[in-house]
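Here's a walk through one protein chain and the ligand it holds. Have the viewer open as you read.

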Amino acid sequence: MALAFVGLLGSLRKGSYNAGLMRAAGELLPPESALSLAPIGDLPHYDADLDAAGAPEPVHRFKAQLRAADAIVIVSPEYNYSVPGFLKNAIDWASRKPDPALDGKPGLIMGASTGAFGAIRMQHHLRQICVAVNVRLLTRPEIAIGRAQERFDAEGRLVDESTRELVRSGLAALSAWTLQLRK
Ligand code: FNR
């Protein structure tokens with residue numbers, strides 16, 4: 001079945017391995033599904049006064065994009081053992097009433113790092129945040145891609161076949177999970 005996924009990317013860096021991982025996800029989707037990236041790098045810092053005044057237009061567009069999606073794919077590096085600040089900021093905006101945009105959404109996390117652990121500490125912090133905002137995360141497979149520099153080529157393409165297979169299986173599992181949650 002055709003599903004629409006929205007991607008949240010936790011790196012702004014040109015040449016980002018995690019951006020390469022998100023692009024690979026776009027190539028490895030189940031048939032007829034689509035993945036669109038939500039632009040989160042330019043969202044303002046969360047400010048309850050701004051929010052009370054009606055939240056800025058980019059926040060409304062971001063939340064509408066999330067609400068329209070069948071499921072969320074979050075791909076991020078680990079910064080100081082945790083979630084990059086601007087990604088947390090985007091999730092904070094998305095969580096706010098009266099129109100929380102992540103509540104009940106199926107989700108999948110992936111992370112890549114140049115170290116050995118594949119951003120796994122970030123992933124566990126992100127899982128905790130997802131409990132707060134009620135994103136219903138898939139637990140398996142864990143997609144923690146260490147030593148990214150050995151798995152991507154100079155153009156940032158994910159070339160390691162076993163990693164591509166892992167990403168493909170994660171997206172297939174997310175599709176099945178999304179459909180299961182509808183029953
Ligand atoms: C890092 N990096 C990093 N890596 C890691 O495995 N654990 C960590 O806690 C951190 N902390 C950290 C903090 C900050 C501020 C930076 C800039 C980097 C390294 C990080 O994993 C590496 O730079 C990745 O390549 C960043 O991901 P992108 O930008 O390539 O997607």
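## Helix α1: two residues, two settings

Arg23 sits in helix α1, which covers residues 17-27 (helices are DSSP runs of H or I with at least four residues, strands are E runs of at least two, and both are numbered from the N terminus). A quick note on provenance: this is a predicted model, where local features need pLDDT of at least 70, side-chain atom pairs count only at pLDDT 80 or more, and totals for chains, interfaces and linings use all residues. Residues are numbered from 1 along each chain as its sequence is written, and side-chain values use heavy atoms, with hydrogens and water left out.

With a relative accessible area of 45%, Arg23 is partly exposed (buried is under 20%, exposed is over 50%, partly exposed is in between, using a 1.4 Å probe and protein chains only). Setting aside neighbours within four places in sequence, Arg23 makes contact with Glu155 and Gly156 (contact means heavy atoms within 4.5 Å). If you want a distance to check, the C-alpha atoms of Arg23 and Gly115 are 21 Å apart, with their positions 92 residues apart along the chain.

Leu21 is also in helix α1. Is Leu21 buried or exposed? Leu21 counts as buried, because its relative accessibility is 0%. Apart from residues up to four places away in sequence, Leu21 touches Val75, Met110, Gly111, Ala112, Ile145, Phe152, Leu158 and Val167. The C-alpha atoms of Leu21 and Arg61, 40 residues apart along the chain, lie 24 Å from each other.

## What α1 and α4 pack against

Leu21 has company in α1: the buried residues there are Asn18, Ala19, Gly20, Leu21, Met22, Ala24 and Ala25. These buried residues pack against β1, β2 (34-37), β3, β4 (106-112), β6 (143-145) and α6.

Helix α4 (residues 85-95) has its own buried set, made up of Phe86, Leu87, Asn89, Ala90, Ile91, Trp93 and Ala94. Their packing partners are β1 (4-9), α2 (48-52), α3 (57-68), β3 (71-75) and α5 (120-133). Over in α6 (residues 161-182) you'll find Ser175, which is buried at 9% relative accessible area. Ser175 touches Leu3, Phe5 and Pro30, not counting residues up to four places away in sequence.

## Around the ligand

Which of the 13 residues around the ligand come nearest? They are Ser11, Arg13, Ser16, Asn18 and Glu78 (near means that a heavy atom of the residue lies within 4 Å). By class, the shell has four nonpolar, six polar and three charged residues (Ala, Val, Leu, Ile, Met, Phe, Trp, Tyr, Cys and Pro count as nonpolar, Asp, Glu, Lys and Arg as charged, and the others, Gly among them, as polar).

Polar contacts here are pairs of N or O atoms within 3.5 Å; within protein, one must be able to donate a hydrogen and the other to accept it, and residues adjacent in sequence count only if both atoms are side-chain atoms. A polar side-chain atom of Arg13 is 2.7 Å from a ligand oxygen, and one of Ser16 is 2.6 Å from a ligand oxygen. On the backbone side, a polar atom of Asn80 lies 2.9 Å from a ligand nitrogen. Taken alone, the ligand exposes 620 Å², and the protein buries 71% of that (areas come from the Shrake-Rupley method with a 1.4 Å probe; for residues, only the protein chains shown count as cover). Ser16 also has a role at the start of α1, where its side-chain oxygen comes within 3.1 Å of the backbone nitrogen of Asn18.

## Backbone oddities

Most residues other than glycine have a negative phi, and most peptide bonds are trans. Two bonds here are worth a look: Lys97 and Pro98 are joined by a cis peptide bond with omega of about 10°, and the bond from Arg140 to Pro141 is cis with omega near 0°. Pro98 is in the loop between α4 and β4, while Pro141 is in the loop between β5 (136-137) and β6.

Glu32, not a glycine, has a positive phi of about 70°. Glu32 is in the loop between α1 and β2 and is exposed at 69%.

## The whole chain

The chain has six helices and six strands, and 47% of its 183 residues count as buried.
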